[in-house]
Amino acid sequence: MVQHLYIETVGCQMNMLDSEMVVASLRRRGYEITSDIRQADTILFNTCSVRQHAEDKIYSALGKLRDWKEKHPEKVIGVLGCMAQKDQQQIFRRAPYVDLIVGPGQLQQVPDLIEQVRQGGEQLVAVSRDRQDGSLADIKRSHETFDPLRDPTMRPTPFQAYLRIQIGCDKFCTYCVVPMTRGPEQGRPPSQILQEAQLLADQDCLEITLLGQTVNSYHYQGEEGDWRLADLLEQLQEVEGIRRIKFVTNYPRDMDQRLLEAVRDLPKCSPYLHVPLQSGSDAVLERMRRGYSVDDYRQMMERIDRVLPEAAVASDFIVGFCGETEEEFQLSVEALREFRFKNSFIFKYSERQGTRAMEQLPDDVPYDVKQRRNNLLLEIQNEISEQENRRFVGSSVEVLVEGQSKKSAREGAEGPVIQMVGRTPCDRIVVFDGTRRQVGQILPVTVYDTTPHTLFGSVMTEHVGPELYLLGSS
Ligand code: 5AD
Ligand code: SF4
């Protein structure tokens, strides 16, 4: 009998990619995907631990399954990803009806583990080693991934794909749980990355987004030589069929001249740089152990401006980090105004178990203060995004068409002309009237209106000459 899988994914792009891999491996075993949780035989949650809120969402979703699982004990419920690695057995304490806990470095085992649960009925845990548990080589090996399984049908669109080039993180920012959940930083071997890019191109993928927690710190040193991100980009440029290459997320200190020049000189590289600043205060950056000052960041921005004047730079900010005073917060406001990011993701500090901040610094900014600071930064960023987007009115942008716009899908729009959505190389969202046939094409669109997060345009059609006009009217 065909097994049905329901999978829910929260968190970052890494998690989306991990879910794609898990689904691909289960499809090979004959599973079919269902979007109806009650129809599923196996229910998987791919989880995130970066903030408490993401975990609460999963526990709430699990809570809703409690009674159902009691009535259907044969169904398998699994918790995958960062929360599984961080909390391990503790998840059973809060949700004793969960069958399976699998960390992000062990996902290749998911199909076998589900089988084992089905046969034995026992609860299983597969996680990677902690950062102090054994030699570095053993710890690294326990966090390896199984990337080459690609399934275009699991991606939001088959012609856009994530490609992991780096696993883990060694930066140990004091607030962040990622170095614990995803283990030591490892650059994947270039041959694997290039092979996978070729596979994606063979699947008619046009755009690849290279993923790493600090993607521009990518370093591979081994049998294949010494490789940095710029070297990879040069080789990826040669992969026929791939039209656009992006990479996220960047670490400010490693945004060097050579990388910026590679982005400038390689036509497929998109001038979109997500480089989180996190705070505009040197004292806060120091407490976060980010490893740079605001002035270092400013110099990086000047470098970007010199080499890639048209680049779109995006940032992340954390508000209400341990001990953040009103004056320190004001410095984030000033930085936001100075750097004029294309967009910023703003987060309220959330204390995380196992981090240095949790052990050494009190989470002492009240929630309502965090909320107010969050809203204020968002408001300012929106104003800036709106002004930056305005500059595009009247110009032509190159859009990779992704599909029907969400609004148009919600409204159930039918007919030959519907509202479509796509993205520019610098990651701006563009909405225009078009047809489904345009999905997967790269089209020139003229912008006539904007909001802080969207450009509105019309597709530029080729000039229709008078001879056609005459034919039409005769
Ligand atoms: N609390 C709030 N935000 C966090 N981030 C990482 N850890 C935390 C935390 N404990 C934010 C950072 C990072 C983004 C992915 O999430 O801004 O860049
Ligand atoms: Fe977390 Fe810092 Fe690593 Fe980013 S660079 S994943 S914020 S530890």
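Phe 172 sits in the loop between strand 8 (166-167) and helix 8 (178-181). Helices here are DSSP runs of H or I with at least four residues, strands are runs of E with at least two, and both are numbered from the N terminus. Phi of Phe 172 is near 55 degrees, a positive value in a residue other than glycine. The model is a predicted one: local features need pLDDT of at least 70, side-chain atom pairs count only at pLDDT 80 or more, and totals for chains, interfaces and linings use all residues. Residues are numbered from 1 along each chain as its sequence is written, chains are lettered from A and ligands numbered from 1 in the order in which they are written, and side-chain values use heavy atoms, with hydrogens and water left out.

Phe 172 also belongs to the surroundings of ligand 2. The other residues there are Cys 169, Lys 171, Cys 173, Tyr 175, Cys 176, Val 178, Pro 179, Gln 213, Thr 214 and Arg 290. A residue is near a molecule if one of its heavy atoms lies within 4 Å of it. By class, this shell has seven nonpolar, two polar and two charged residues. Ala, Val, Leu, Ile, Met, Phe, Trp, Tyr, Cys and Pro count as nonpolar, Asp, Glu, Lys and Arg as charged, and the others, Gly among them, as polar.

Tyr 175 is listed around ligand 2 and also around ligand 1. Around ligand 1 the list continues with Val 50, Arg 51, Gln 278, Asp 316, Ile 318, Phe 347, Lys 348, Tyr 349, Ser 350 and Arg 352. A polar side-chain atom of Gln 278 lies 2.7 Å from an oxygen atom of ligand 1. Backbone atoms take part too. A backbone N or O atom of Ser 350 lies 2.8 Å from a nitrogen atom of the ligand. For Val 50, a backbone N or O atom lies 3.5 Å from a nitrogen atom of ligand 1.

Next, the helix packing. Two packed helices are described by the angle between their axes and the distance between the axes. Axes are lines fitted to C-alpha atoms, for helices over the stretch in contact, and angles run from 0 to 180 degrees between N-to-C directions. Helix 1 (residues 13-28) and helix 6 (residues 110-120) have axes that come within 9 Å and cross at roughly 60 degrees. Helix 1 is therefore oblique to helix 6. Angles under 35 degrees count as roughly parallel, over 145 as roughly antiparallel, 65 to 115 as roughly perpendicular and the rest as oblique. Val 22, Ser 25 and Leu 26 of helix 1 meet Val 110, Pro 111 and Ile 114 of helix 6. Contact means heavy atoms within 4.5 Å. The residues divide into five nonpolar, one polar and no charged.

Further along, a cis peptide bond joins Val 248 and Thr 249, with omega about -5 degrees. Thr 249 lies in the loop between strand 13 (244-248) and helix 11. Helix 11 (residues 257-265) packs with helix 13 (residues 294-307) at about 30 degrees, their axes 10 Å apart. That angle makes helix 11 roughly parallel to helix 13. Gln 257, Leu 260, Glu 261 and Arg 264 of helix 11 make the contact with Arg 303, Ile 304 and Val 307 of helix 13. This contact has three nonpolar, one polar and three charged residues.

Notes. A polar contact is a pair of N or O atoms within 3.5 Å; within protein, one must be able to donate a hydrogen and the other to accept it, and residues adjacent in sequence count only if both atoms are side-chain atoms.
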